[in-house]
Amino acid sequence: MSVDITHDFYNGWYLERSRGWALGLALENKLFEKQSAYQKITVYQTQTFGKLLLLDDIIMVTERDEFVYHEMMAHVPLNVHPNPERVLVIGGGDGGTIREIVKHPAVKEAVLVEIDIDVINTARDYFPSIASELSNPKVKVLAEDGVAYIRNNQNYFDVIMIDSSDPIGFAEGLFQADFYQDVYNALKPDGIMTNQTDSPLLSPMIVEKTYCEMQKVFQHLFMYQGYCLTYPGGYWTFGFASKRYHPLNDFDPKRAQAKGLKTKHYNSHLHKGAFYLPNFALATLPATCEQVHWVHG
Ligand code: SAM
């Protein structure tokens, strides 16, 4: 599965070009750069988006809009599952998804499995508002390959979130049926998995392939949407793969509101709306993926 992303630094601007589309961010200065064992890690101060984290020159996080992605990755499954005590994040070394997870009172254990320790350390040093909960006593941080880690866990987690980079290189394994089967086995009988599933507008082939892989394992498979300004095309999607719960029928807005979560994007109305998809997004879902259409109606 190839993702063509190229970049340029031009006249004080960072340009990310991908799939015939481009995004530019006005830069102020470079704060940090290191070639880790896995990738090049770069931090810039931008003019209007705060600090910017690039991995191999691809945008991962900006301080200005990261909350949308992290809140949608975390709060949707954690407000559907009735009692999410054990939660796992694979990838997510910036800490943003963990920050949202520990807001949920039911969470007793949150495990972060990030392959690259240098991403975690860079987040701690340069993105304190995002990495703020990495030292929370409920949080266990492991610098390991998620593909290997997941195989050693059976029937243990309530919710697993795949907060990965694009399906390139060492991240490609996180988009394949074998891995999803290991995730399925690591989840309890009523477990839920969420993952980032790219842009159906710019990468319909990648999206369709990812859902086909998930559908080989999960009976209940849904797509939901969010807008991430600094990701290709701005319109982004997430997978909701469940062993039992339905993202709307088993969602109790009163129970969610009673938690009093402090969020900047997520709310219970938006939760429901996120599953009502535009036709071009529905068109990227495997025709046999009946359950998803069930949502649309
Ligand atoms: N939100 C971002 C996005 O959608 O592009 C992802 C951010 S997060 C920083 C992605 C992380 O996944 C990276 O730090 C990368 O090192 C990590 N990662 C990639 N493949 C991995 C694997 N096999 N196991 C664990 N972490 C992995």
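This passage looks at an annotated site, the cavity around it and the salt bridges of a predicted model.

Start with Asp163, where an unreviewed UniProt entry places the feature "active site". That annotation comes from the record and may be inferred rather than shown by experiment. In the model, Asp163 belongs to strand E10, which covers residues 157-163. Its relative accessible area comes to just 8%, so Asp163 falls under the 20% cut-off and counts as buried. Once neighbours within four places in sequence are set aside, Asp163 still has plenty to touch: its contacts are Tyr69, His70, Met73, Val89, Ile90, Gly91, Gly92, Asp94 and Thr97.

Asp163 turns up again when the empty space inside the protein is mapped. There are two cavities of 30 Å³ or more, and the largest has a volume of about 410 Å³. A total of 35 residues line this largest cavity, and those closest to its centre are Leu55, Met60, Asp163, Ser164 and Ser165. So which elements supply at least two residues each to the lining of the largest cavity? They are strands E5 (51-55), E6 (58-62) and E7 (86-91), together with helices H1 (66-78) and H4 (146-149). Strand E6 gives the most, with four residues. As for chemistry, the lining of the largest cavity splits into 19 nonpolar, nine polar and seven charged residues.

Turning to charge pairs, the model holds 15 salt bridges, and a few of them show how the surroundings of the partners can vary. Glu33 pairs with Lys30, their closest N and O atoms sitting 3.1 Å apart. Glu33 has a relative accessibility of 37% and counts as partly exposed; Lys30, at 44%, is partly exposed too. Glu213 and Lys216 also meet in a salt bridge, with an N to O distance of 2.6 Å. Here the partners sit in opposite classes: Glu213 is buried, with a relative accessible area of 9%, whereas Lys216 is exposed at 58%. Some salt bridges share partners, and in this way Glu66, Arg99, Glu100 and Lys103 are joined into one network.

Within that network, the side chains of Arg99 and Glu100 form a salt bridge at 2.8 Å, N to O. Are these two residues buried or exposed? Both Arg99 and Glu100 are buried, which means that each has under 20% relative accessible area. The three pairs described here thus include one with both partners partly exposed, one with a buried and an exposed partner, and one with both partners buried.

Conventions: Residues numbered from 1 in each chain as written. Predicted model: local features only at pLDDT ≥ 70, side-chain atom pairs only at ≥ 80, totals over all residues. Heavy atoms only, no water. Salt bridge = Lys/Arg side-chain N within 4 Å of Asp/Glu carboxyl O. Buried < 20%, exposed > 50% of the residue type's maximum accessible area, 1.4 Å probe, protein only. Contact = heavy atoms within 4.5 Å. 1 Å grid on protein atoms, 1.4 Å probe; cavity = no way out; pocket = protein on both sides within 12 Å on 5 of 7 lines; lining within 4 Å. Points joined across faces, edges and corners; volume = space filled by probe spheres on them. Nonpolar A, V, L, I, M, F, W, Y, C, P; charged D, E, K, R; others polar.
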